[in-house]
Amino acid sequence: MAGEDRELALDWMLPPNMLESAPLSLFIQAGDHVLQHDLPLDPRAPPVEPFTRPDVPMALAGLTNLAWSALGATFVDPASGEPIDDLLQRRSGFAHFLIDGMAGSGSSIRVDSDLGEALPPIRLAGDGGRVLGIVFNQRSTHAHRNRWREVEVALGERRDALEVVETLELASADGEQFFEFAAPRDARYVQLRPLSVWNDGEEVRGAHGSGLLIVLGEPSGELGRRHHDLIDHELGGHWVYTLPDIGSLYGFQGHRSTNRSIMNERAVRRGERIRGRTIEMVFAFLHQRAARLDELQWVENLDWEGLPVTGTKVYTATESPVGPWQEQADWTFERDGQGVASLELPESPRARYVRLVFDEPEIPEGERRASWRIPEALRAYEADSLGSGRSVLGHWGMDHSRGPLEAGQPPSELSLVEVEDTHSHADAPLMLEARVTGRVAEPGDTRHYRIDLEEGDNTLALTLRESQRGKLRARLAAPDDSEVPLAWRDLEAGKRFAEAVDLAPGTYRLTVAEPPRSIVFLWDGSGSVAEHQPAIYQALNRFAEGLKPGREVFNMLPLGGPLLIDGWAETPAQVSRTLNAYEGRFSDSDSEPALTLATRALSTQEGERAIFLITDAEQLGRELSVWEMLERVRPRIFTLEIGNGGRAETEVVRWYQDQMLGWANVADGRYDYTTNRSELIRAFEAGMRELRQPTTFALEVERRYQEPPEPGSLRVTSGEAPIVAAGAVQLIFDASGSMLQRMEGGRRIDVARDIVQRVLDERVPASVPVALRAFGHTEPHSCETELLVAPSDDNHAQVRRAIEGIQAINLARTPLADSLDEVLDDLADSQGQRRLVVMLTDGEETCEGDLEQSVEQLVEEGVDVRLNIVGFHIDEIGLQTEFERFAELGGGEYFDSHDGDELVEGLASALAATWRVIDASGDTLAQGRVDGETAELVPGDYTLVVEAQEGDRQHTFSIAPRQAKEVRLSDVPAETSP
């Protein structure tokens, strides 16, 4: 009625990942009038009646793609039934791309025949089966106008007697389109007849087609009963990484290591030289989905050269390619006559990743060198048959790692749970009785709780589950406000657990907060993705717009280049200035070096650490040490793959995706495949929302009494070979007149000479270059300092001879500062690695130098230079204190000695690598030196970080009550972080 006001209630169901930059528009038509109202999107607004949309309709999930070429499906000649791939056309039609199981912008069928003409029949895999539905994915090289719109589908048992069962109307957009049949159809063949394309009735120009056909059904006969080898590269199995980085172990036969390189027999048949290494290899399955395994096989070609490996430890992980790992077996190989060793897994463990850790064989006695035999294959047989509906080879969707494991789990998203606490604060903490759900809105936001511990209880057991594990920090304060240490360890289902024992009764305060997060943005500037550079810069600026000082810090790094911001940016203006000054000089495609740099930068940051990586994933080389950094830091990686549109074979396209899925799976990241600007921006905004969304958590506390566990102890030893603190060492030797004084065992200079040579032999590996500088050995009253031996490979014999020739001169003076001033020049050839300076002296500066200024200059100009001072017969307390301060200023320590034994101990300690023990939160709980004293630790799970000559080495370990644990570094894998 004219003039009447009407109010209409609208319920909208909105899809995920809508663009923030494109408003949601409501159009209302009244007669000839159309009104438009734009609704801005708030990415932080809580969802109303949210639900999880399944990747595949329930009735079709897990069914077999009977049209997958890897299982045996193929186009056939209509007359002869022989396999074909050219569609009988004038030009090659790349028919296999339609049934290769992948939908990429660089791989799609090209049909030149007229619309309305049927394609050759497709013989389904095995004996065919019961077909329940059809899936099309239009992602392809075709412009939207040339993508199929109407397609007639015929099925049948014989290729010459096919019956039309459906005429499907497809959308032109990328992504899967599901068509479930009203009733199942038994079929051995399927045939498509494209009837129209999305060209609005215009003449078809060029080839037409689609991206991927999937025929979902229940396989008949032997194919349905088969248990497949999931590491078979034809079925999507793939190698992830090998540590240490050994080129001949870039997977086994047939595995791909770059977009151009495939492991072949020629590269490995002569074996790998034995060097006493412990080797770690990690493999994954199709789309990195979690499968149940019931058998592994180590397969050797007995015609290949080398000594056989005796066995391997087997680990599995369901979360990440860097663990946590569950040990499944210590497998000793018992080979049959064909060189196959088998391991049955009766519990059928679930695994997304399989990790082998094995030692190289020992070189036979009397031989100088030998090689070991590289296996031809590793096989991992799935416990679930293909026809069970639970195989990872079934269809569970595209571009993600969700599969039968996730399908069998009930929805448990914490973001869907009603939150009880969003406002508790320091002045109004919430009493925590047993369990609470809460939300932290952003970095800096904190929830506060009060926990009363009554008489008779002495333990608080805490369980924390977050919508993003590891994002929050929980701290417990005692009644006197002192911090109670919490050693968190990971549990299943995304939970973490910590226990505080031997507590006194009283009121404790627990805070749950999100620390500031740190983000590094990496992007590919190579020519293959040049057209996407404006969209990448737009994404960078959009991300920077959300930066808030004190909550987020940001840096960016073009592949092949350095970090562009000195330090970290906290404001949009800093990012904008840097981008405006950047001239686009770097155009690399190799992602691993950039990931290493970014992860190393993040390693020193507190709070959540994230990386955004935009690339087409082409890699010409490998830098596998990135996995050591990823394991230590575990950044959350958002990988955005850009299809560059160039034609690529199926295995190459899958290899690109496998790499980026692996990086994204390190710590609950996200992978997106994009083909154009709007998809790239949409995926990037989805990642931003995911990163910046509030964190929901569930916190549980249990109070109880338990006997306090007695602490254990840890000692870190080098084992077979010494571990020093640097890749290059400089010794500064005091031969001034005071070194002529006598002591037990002779003159100071004689004792020092003998001990320095002995310590050099016993404590410094021959591979570590040593520089020797001395003063006081030239003439009376001299302040001269001289480099006697320059650092070089295998120069220890030269150093020993030079030490033997040093003679102290009476009245010679002590130029400590001048000697330090020469260090950077002495060690100039050792840049890029850790450098250690050990100064041995028995007195103070006597040449009018400013030792403090020299130390400061050394630290300011040097890169990773550390100064340790060893005092010999220094009785003046004030001078000892000064040397302690100078050594601390130089990043090292002062070691005092008054006799030969103490000098041996001081020099050995000054050269030894340092170590620290950290918990799951990254807090340091103990520290010391290799081959030094033991440290006491409460029972728990820890990570040992050793600052060795080749970089940080890591080793995870556990301490039990009263356990005296020794970690021999020569016996554990060298997990190095350069």
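**Arginines, charge and contacts**

Q: Does Arg-369 count as buried or exposed?
A: This is a predicted model. Arg-369 has 53% relative accessibility. The cut-off for exposed is over 50%. Arg-369 therefore counts as exposed.

Q: Where does Arg-369 lie?
A: Two strands frame this residue. They are β20 (353-359) and β21 (371-372). Arg-369 lies in the loop between β20 and β21.

Q: Which residues gather with Arg-369 in a patch of positive charge on the surface?
A: Arg counts as positive. Patch members need over 30% relative accessible area and no salt bridge. Arg-369 gathers with Arg-273, Arg-275 and Arg-368.

Q: Does Arg-277 count as buried or exposed?
A: Arg-277 is in the loop between β13 (272-273) and β14 (278-284). Its relative accessibility is 18%. Buried means under 20%, so Arg-277 counts as buried.

Q: Which side chain is joined to that of Arg-277 by a polar contact of 2.8 Å?
A: The side chain of Arg-277 makes a polar contact of 3.0 Å with the side chain of Glu-272. The 2.8 Å contact joins Arg-277 to another side chain, that of Glu-360.

Q: How far apart are the closest N and O atoms of Arg-269 and Glu-265?
A: Arg-269 is partly exposed, at 30% relative accessibility. Glu-265 is partly exposed too, with a relative accessible area of 30%. The two form a salt bridge, and their closest N and O atoms are 2.2 Å apart.

Q: Which residue forms a salt bridge with Arg-450?
A: Arg-450 is partly exposed, at 34% relative accessibility. In its salt bridge, the closest N and O atoms are 3.9 Å apart. The cut-off is 4 Å. The partner is Asp-452.

Q: How many residues apart in sequence are the parts tied together by Arg-885 and Glu-852?
A: Arg-885 and Glu-852 form a salt bridge, with the closest N and O atoms 3.1 Å apart. Arg-885 lies in helix α15 (residues 877-889), Glu-852 in helix α14 (residues 851-861). The pair therefore ties together parts that are apart in sequence by 33 residues.

Q: Which residues do salt bridges that share partners join into one network?
A: Shared partners link the bridges here. The positive members are Lys-471, Arg-517, Arg-636, Arg-670 and Arg-692. The negative members are Glu-514, Glu-552, Glu-608, Asp-672 and Glu-690.

Q: How many salt bridges does a search of the whole structure find?
A: Each needs a side-chain nitrogen of Lys or Arg within 4 Å of a carboxyl oxygen of Asp or Glu. Across the whole structure, the search finds 52.

Conventions
Residues are numbered from 1 along each chain as its sequence is written. This is a predicted model: local features need pLDDT of at least 70, side-chain atom pairs count only at pLDDT 80 or more; totals for chains, interfaces and linings use all residues. Side-chain values use heavy atoms; hydrogens and water are left out. Patches are made of residues with over 30% relative accessible area and no salt bridge: like charges are joined within 9 Å, nonpolar side chains (Val, Leu, Ile, Met, Phe, Trp, Tyr) within 5 Å. Accessible areas come from the Shrake-Rupley method with a 1.4 Å probe; for residues, only the protein chains shown count as cover. The place of a charge is taken as NZ of Lys, CZ of Arg, CG of Asp or CD of Glu. Helices (H or I, at least four residues) and strands (E, at least two) are DSSP runs, numbered from the N terminus. Buried means under 20% relative accessible area, exposed over 50%, partly exposed in between (1.4 Å probe, protein chains only). A polar contact is a pair of N or O atoms within 3.5 Å; within protein, one must be able to donate a hydrogen and the other to accept it, and residues adjacent in sequence count only if both atoms are side-chain atoms.
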